[in-house]
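User: I'm new to reading protein structures and would like to learn with a real one. Could you walk me through it, feature by feature?

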Amino acid sequence: MAASIKRFTIYLLAGANLASILITLFVGYAGHLNPTNWPWLTNAGLVYPALLAINLAFLILWLLFNPRWSLLSIAGFIVCYEPTRAYSPLNLPATPPDDALKILSYNVCNYYDDGQQEGESPTIRYIADAHADIVCLQEAVTGGSKQAQIDSLLYSQYPYHDTIGSNATGVIALLSRYPIKHKERIDYVSAGNISGAFTLDIDGEDVVVVNNHLETTGLTLEDRQNFKVMVKGDMERDSMRIESKRIIDKLGEASQLRAPQARAVASFLRKHAYQPLICVGDFNDSPLSYTHHTIARELTDCFIATGNGPGISYHHSGFYVRIDHILCSSAWTPYHCYVDREIKSSDHYPIICWLKKQAKP
């Protein structure tokens, strides 16, 4: 009798483990689904780390009580390798060559500086002290004393600088040590988000840098606060069910708006595939999303290729995800891409990478 109960328990656990693996696999590849048709599935990748934790718990359980069945969990991690690596890669460290370009992408939240009104802006000081070769900024609306600090701390260091957008619709900015030959806005529908391309003359060669701030989540401050309460478990079950459905619907609607924007950026990149490409910015979507999959299809994600860990770049209101990305074409070799968590003045952390131009064959 005891043996039968033990066998039944093992099979029950194995079935649950297999189900968790299949769900993890589905969620890991849900980013291939078009949000226009599957809006409620497009943000499934947000629960991917929880699913990984469940599979890890199964692995530990098998190793402790029945090591033979641990092969099931190991097989699960193998079949989910690609999305797991996209979410949280592991790479050996490599020192960037001296002649590699340092790229910095940063959503500066309109230089909000965590509410600081007076004195030197920590955001602007951080950008100045980073000494990157190319700086791409999102939500870069300025004015008053902040503009004066940009003029003195940044424009003095970067002789070439330009913006796309306006204070009414949002601004993306580029600071460069290399001449800016051309700029253009990538055409897509959005009330306040924007993507643009800057052509730089780098050592006599045209390099296209695409800076993006794609459609926001659409969540209000109240929505984000309620989400944080839910994450902490401080909300009643019925209220949590209603609120979670409302947030999922909002996220799905934002994904539907973001999808054609991602396709517009991808189309622009394909048209310029003959040139060296760098594509960066705040995608407002995770590395497992349709947005990321669409834009990065023919590019290298520098964090996946050279970074380590989940690389959380958005850190407010209970949402902890990597939504800021640096991508490059095959003309570049990326090195040491990382998210710098030392500066907290914006709701985003900056993401940094070094790119080495490959020699022409």
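User: Let's start with a pair of strands. Which residue in S10 is the bridge partner of Val280?

Analyst: One thing to keep in mind throughout: this is a predicted model. To find a bridge partner, you look across from one strand to the strand paired with it. Here, Val280 has Ile326 in S10 as its bridge partner. That bridge belongs to the pairing of strand S8 (residues 277-282) with strand S10 (residues 324-328), which is antiparallel and has five bridges.

User: What is the order of the strands in the open sheet of six?

Analyst: Read the sheet from one side to the other, not along the sequence. The order is S5-S6-S7-S8-S10-S9, and the pairing is mixed. Strand S5 (180-185) and strand S9 (300-301) are at the edges with a single partner strand each, so each has one side without a neighbour in the sheet.

User: How many residues join S3 to S4 in the hairpin?

Analyst: For a hairpin, follow the chain out of one strand and into its partner. S3 is joined to S4 through three residues. Strand S3 (residues 160-166) and strand S4 (residues 170-176) are antiparallel, with seven bridges between them. One of the pairs to look for is Tyr160 with its bridge partner Ser176 in S4.

User: In which sense do S1 and S2 pair, parallel or antiparallel?

Analyst: Parallel: strand S1 (residues 101-107) pairs with S2 over five bridges. Find Leu104 and you'll see it opposite Val135 in S2.

User: Why is S2 described as largely enclosed by the rest of the structure?

Analyst: For this one we need a cut-off: a residue is called buried when its relative accessible area is under 20%. In strand S2 (residues 134-138), five of the five residues are buried, so the strand is largely enclosed by the rest of the structure. The general idea for the next step is that side chains in a regular strand alternate between the two faces of the sheet. In S2, one side has Ile134, Cys136 and Gln138, the other has Val135 and Leu137, and all of these are buried, so both faces are covered.

User: Is Val207 buried or exposed?

Analyst: Use the cut-off again. Val207 has a relative accessible area of 1%, so it is buried. You'll find Val207 in strand S7 (residues 205-213). Setting aside neighbours within four places in sequence, the contacts of Val207 include Phe198, Leu200, Ile278 and Trp332.

User: And where is Ile278 found?

Analyst: Ile278 is in strand S8. At 1% relative accessibility, Ile278 also counts as buried. Beyond its neighbours within four places in sequence, Ile278 is in contact with residues including Ile103, Ile134, Val207, Leu327 and Leu355. Sequence distance and distance in space are separate things to read: Ile278 and Phe198 are 80 residues apart in sequence, but their C-alpha atoms are 9.9 Å apart in space.

User: What about a helix: which residues does Asn55 contact, leaving aside its neighbours within four places in sequence?

Analyst: Look at what surrounds the side chain and note where those residues come from in the sequence. Asn55 is in contact with Asn17, Ser20, Ile21, Thr24, Ser73 and Phe77, once those neighbours are left aside. Asn55 itself is in helix H2 (residues 48-65), and it counts as buried at 5% relative accessibility.

User: What is the phi of Cys109?

Analyst: As background, most residues other than glycine have a negative phi. Cys109 is not a glycine, yet its phi is positive, about 55°. Cys109 lies in the loop between S1 and helix H5 (122-130). Tyr111 is in the loop between S1 and H5 too, and its phi is near 55°, again a positive value in a residue other than glycine. Tyr111 is buried, with a relative accessible area of 4%.

User: To finish with the whole protein, how many helices and strands are there?

Analyst: There are ten helices and twelve strands. For overall shape, compare the radius of gyration with what a compact globule would have: for 361 residues that is near 21 Å, and this protein has 22 Å, which agrees. Of those 361 residues, 52% count as buried.

Conventions
Residues numbered from 1 in each chain as written. Predicted model: local features only at pLDDT ≥ 70, side-chain atom pairs only at ≥ 80, totals over all residues. Heavy atoms only, no water. Helix = DSSP H or I, 4+ residues; strand = E, 2+ residues; numbered from the N terminus. Rg over C-alpha atoms; globule rule 2.2 N^0.38 Å. Buried < 20%, exposed > 50% of the residue type's maximum accessible area, 1.4 Å probe, protein only. Contact = heavy atoms within 4.5 Å. Pairing = 2+ DSSP bridges.
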